[in-house]
Amino acid sequence: MEFSIRAATPEKAKTGCLVLGIYKNARAGAPQLSRAAQAADRAAGGRLREILAHGDLSAKAGATLLLHKVPGLAAERVLLLGLGEQKEFSETAFRDAVRGAAGALKGLGAQDATLYLAELKVAGRNAAWNLRQAVLGVREAFYRFDQLKTQKKAPAPTLADVTLAVQVGPVTLQAQAAMREAAATADGVDLARTLGNLPPNICTPGYLADEAHKLARQFKLGIEVLERRDMEKLGMGALLAVARGSHQPPKLIVLRYAGGKKQAKPVVLVGKGITFDTGGISLKPAGEMDEMKFDMSGAGSVLGTLRALAGMKAAVNVIGVVPASENMPGGAATRPGDVVKTLSGQSVEILNTDAEGRLILCDALTYAERFQPEVVVDIATLTGACVIALGHVATGLFANDEKLATDLRAAGDDAWDRVWPMPLWEDYQEQLRSNFADMANIGGRPAGSVTAACYLSRFARKHRWAHLDVAGTAWKSGRDKGSTGRPVPLLVRFVMRRAGR
């Protein structure tokens with residue numbers, strides 16, 4: 001699917017489907033046409049208002065009404081799109097409208113569509129924000145994961161070209177850049193979603209390494225993959241402890257994108273890559289354990305972000321570090337009570353083998369020191385406690401640097417891939433005390449997401465560092481079960497904002 005932006009009058013748009021916004025007007029009791037819809041209605045001799053007077057278009061944002069061959073308009077079809085009350089038109093209403101339009105377009109035979117959404121006024125947002133959200137919303141709706149089904153549904157006619165039109169030109173360089181970023185981000189989100197949706201017998205640590213090699217070849221990225229023997233030589237005792245129960249060999253994947261100045265320090269993204277998590281000896285309950293294939297979502301988001309940045313040729317330097325392993329029970333598996341030595345030299349008493357993500361991440365965070373990073377951000381489906389705290393709306397944000405936390409929060413708001421700051425106070429460190437090692441890997445039930453972040457902070461003291469707990473936002477359960485691709489939009493926006501874009 002190709003996206004473009006251009007200045008055009010709606011009545012002259014020769015397109016398979018013309019999408020026009022319609023507001024609810026509670027005071028007047030009649031629909032209120034957006035600027036583009038007004039222009040189209042004038043060309044159609046008032047036909048749109050006449051149709052709307054019948055009340056067939058719901059006032060709800062995202063509702064649609066399809067028309068064919070409207071006189072005076074060059075478009076084959078016109079899709080009237082509900083926007084809700086104009087005074088209450090917010091980010092949520094805009095995104096609901098985009099999803100509604102995309103859902104309607106999926107069921108049409110149109111090969112191309114022209115959407116007048118970029119110029120809609122959303123309080124506190126500019127046209128670039130509208131463009132990014134429109135592209136990501138349409139791409140999300142058209143994403144399909146059915147490559148493992150033998151009886152696939154008949155594919156809908158392909159919507160090949162989408163134009164996001166504005167009535168007043170010329171199109172700015174800022175708008176064009178927003179389009180490129182959005183399309184590249186959507187490619188990265190799709191990659192992260194597909195990696196997350198793949199079953200664990202396919203998406204193994206080795207598979208993640210192969211996917212990283214494919215990205216490296218496609219975009220001429222630097223790559224290094226450390227094998228078990230390399231980790232043993234380095235002394236990555238925590239990562240190796242997690243991998244002991246699995247027949248799948250662990251990998252430490254390092255992917256480098258150098259689009260910025262040679263002397264500029266890189267942003268390092270560290271993604272948790274547990275391709276399946278049984279809990280190890282501390283075995284999880286059987287119910288919904290299949291969803292533990294999503295425990296590599298942090299790794300998927302790092303690969304997706306690198307793919308997005310390389311795809312748009314962003315002027316930044318970013319390194320992705322992905323520690324990848326399975327967490328399985330077995331005769332060789334790590335036991336509760338085992339003590340291991342990490343790459344940092346600190347010892348850890350493993351009280352719960354189901355707290356494995358922090359074990360592979362701590363060695364990866366220490367390994368990241370060699371890149372002399374500007375900042376380090378790790379992304380992990382780390383704790384169920386974060387889901388209890390924040391649900392499935394916001395990602396948990398922990399940081400040892402206030403400015404970094406502020407930057408990530410602003411980027412999340414800009415991308416509408418939001419985070420919420422959580423405490424990282426020294427008071428919580430006492431819960432990690434061990435009688436037999438420098439620390440335990442868990443701090444008990446109270447403040448579980450906080451003590452997990454506190455554990456990681458002990459291995460990030462040399463960095464400006466932040467931790468994103470995406471346990472509640474990386475995938476959906478139930479009927480809509482599947483990866484969301486979050487937080488790729490946040491990470492891309494964070495990096496691009498640092499580059500001044």
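Two strands are regarded as paired if DSSP finds at least two bridges between them. In this predicted model, strand β10 (residues 267-271) and strand β15 satisfy that criterion with five bridges, and the two strands pair in the parallel sense. One bridge of this pair links valine 268 to valine 376 in β15. Strand β15 also pairs with strand β19 (residues 465-469), again through five bridges and in the parallel sense. Here aspartate 378 stands opposite histidine 467 of β19.

Strand β15 itself, which comprises residues 375-380, is mostly covered, and six of its six residues are buried. The covering extends to both faces of the strand. Val375, Val377 and Ile379 are buried on one side, while Val376, Asp378 and Ala380 are buried on the other. Aspartate 378, the partner of histidine 467, is thus listed among the buried residues of β15.

Strand β15 also takes part in the surroundings of helix α12. This helix covers residues 402-415 and contains 14 residues. The distance from its first C-alpha to its last is 20 Å, close to the 20 Å expected at 1.5 Å a residue. Its buried residues are Leu404, Ala405, Leu408, Ala411, Gly412, Asp414 and Ala415. These buried residues pack against β15 and β19, and also against α4 (127-142), β16 (395-399), β17 (419-421) and α14 (488-498).

A second helix, α6, spans residues 205-219. At 1.5 Å a residue, its 15 residues should span 21 Å, and its end C-alpha atoms are 21 Å apart, so the expected and computed values agree. The buried residues of α6 are Pro205, Gly206, Leu208, Ala209, Glu211, Ala212, Leu215 and Ala216. Among the elements that cover them are the helices α5 (173-197) and α9 (297-311), together with the strands β8 (222-226), β9 (251-258), β11 (273-277) and β12 (317-327). Just after α6, lysine 220 adopts a positive phi of about 55 degrees.

The arrangement of α6 relative to α9 can be described by their axes. These axes come within 11 Å and cross at roughly 5 degrees. Angles under 35 degrees count as roughly parallel, and the two helices are therefore roughly parallel to each other. The contact is formed by Leu208, Ala212, Leu215, Gln218 and Phe219 of α6 and by Ala299, Leu303, Arg307, Ala310 and Gly311 of α9. The residues of this contact comprise seven nonpolar, two polar and one charged.

Helix α9 also contains glycine 300. The relative accessible area of glycine 300 is 1%; a residue is buried when this value is under 20%, and glycine 300 is therefore buried. Leaving aside neighbours within four places in sequence, glycine 300 is in contact with Ala192 and Leu195. The C-alpha atom of glycine 300 is separated by 24 Å from that of threonine 406, which lies 106 residues apart from it along the chain.

A further sheet is formed by three strands in the order β13-β14-β18; this sheet is open and its pairing is mixed. Strands β13 (339-341) and β18 (439-440) stand at the edges and have a single partner strand each, so one side of each is left without a neighbour in the sheet. Strand β13 is joined by three bridges to β14 (residues 347-349), and these two strands run antiparallel. Within this pair, valine 339 stands opposite glutamate 349 of β14.

Terms used
Residues numbered from 1 in each chain as written. Predicted model: local features only at pLDDT ≥ 70, side-chain atom pairs only at ≥ 80, totals over all residues. Heavy atoms only, no water. Helix = DSSP H or I, 4+ residues; strand = E, 2+ residues; numbered from the N terminus. Expected span 1.5 Å × (residues − 1). Buried < 20%, exposed > 50% of the residue type's maximum accessible area, 1.4 Å probe, protein only. Contact = heavy atoms within 4.5 Å. Axes fitted to C-alpha atoms, helices over the stretch in contact; angles between N-to-C directions. Parallel < 35°, antiparallel > 145°, perpendicular 65-115°, else oblique. Nonpolar A, V, L, I, M, F, W, Y, C, P; charged D, E, K, R; others polar.
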